[in-house]
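Me: Hey, could you walk me through this structure? I'm in my first year, so plain words please.

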Amino acid sequence: MAIRMLYFAWVRERVGTGEELVDPPADVTTVAALVDWLAMRSAGHADALAERGRLRAAVDQAFVTPDASITGAREVAIFPPVTGG
């Protein structure tokens, strides 16, 4: 099942797009596994996703931890930490 990926801020700049549809293999079941799999898609993905500790994620618009399931997810967003200002 395809997942709509959304990328924000410097993650988007490094990946080279703000949005893409992906169809990860069945064994990719968590956010962390998805990020690992995405990092293999291109040099831009690898660069954007290299520092896992600097990334945050949301599954279907709910903030999640890296061990969160993506089973049945329609949308996953990857972004840097949000700071106030």
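Reply: Happy to help; what follows is a chat about the fold, a helix, the core and an aromatic pair. This is a predicted model, where local features need pLDDT of at least 70, side-chain atom pairs count only at pLDDT 80 or more, and totals for chains, interfaces and linings use all residues. Residues are numbered from 1 along each chain as its sequence is written, and side-chain values use heavy atoms, with hydrogens and water left out.

Me: Cool. How many helices and strands are in the chain?
Reply: The chain has three helices and five strands. These are DSSP runs numbered from the N terminus: helices are H or I with at least four residues, strands are E with at least two. Along the sequence the pattern reads β-α-β-α-α-β-β-β.

Me: And how much of the chain is buried?
Reply: Buried residues are 40% of the 85 in the chain. Buried means under 20% relative accessible area, exposed means over 50%, and partly exposed is in between (1.4 Å probe, protein chains only).

Me: Let's look at α2. Which residues are buried there?
Reply: Helix α2 covers residues 31–38, and its buried residues are Val 31, Leu 34, Val 35, Trp 37 and Leu 38. They span an arc of only 160° around the axis, so they sit on the same side of α2. That arc is taken from the directions from the helix axis to the C-beta atoms.

Me: What covers them?
Reply: The cover includes β1 (3–7), β2 (19–22), α3 (43–48), β3 (56–59), β4 (62–64) and β5 (75–79).

Me: Which element gives the most to the largest nonpolar core?
Reply: That's α2, with five residues. The core has 24 residues, and Met 5 is among those touching the most other members. A nonpolar core is a set of buried Ala, Val, Leu, Ile, Met, Phe, Trp, Tyr and Cys residues joined through side-chain atoms within 4.5 Å.

Me: New topic: how many aromatic pairs are there?
Reply: There is one. Phe 63 and Phe 79 form an edge-to-face pair, 5.7 Å centre to centre with 75° between the planes. Rings of Phe, Tyr and Trp (its six-membered ring) pair if their centres lie within 6.5 Å; planes under 30 degrees apart are stacked, over 60 edge-to-face, and the rest tilted.

Me: Where do those two lie?
Reply: Phe 63 is in strand β4 and Phe 79 in strand β5, so the pair ties together parts 16 residues apart in sequence.

Me: Is each one buried or exposed?
Reply: Phe 63 is exposed, at 69% relative accessible area, whereas Phe 79 is buried, at 9%.

How values were computed: Contact means heavy atoms within 4.5 Å.
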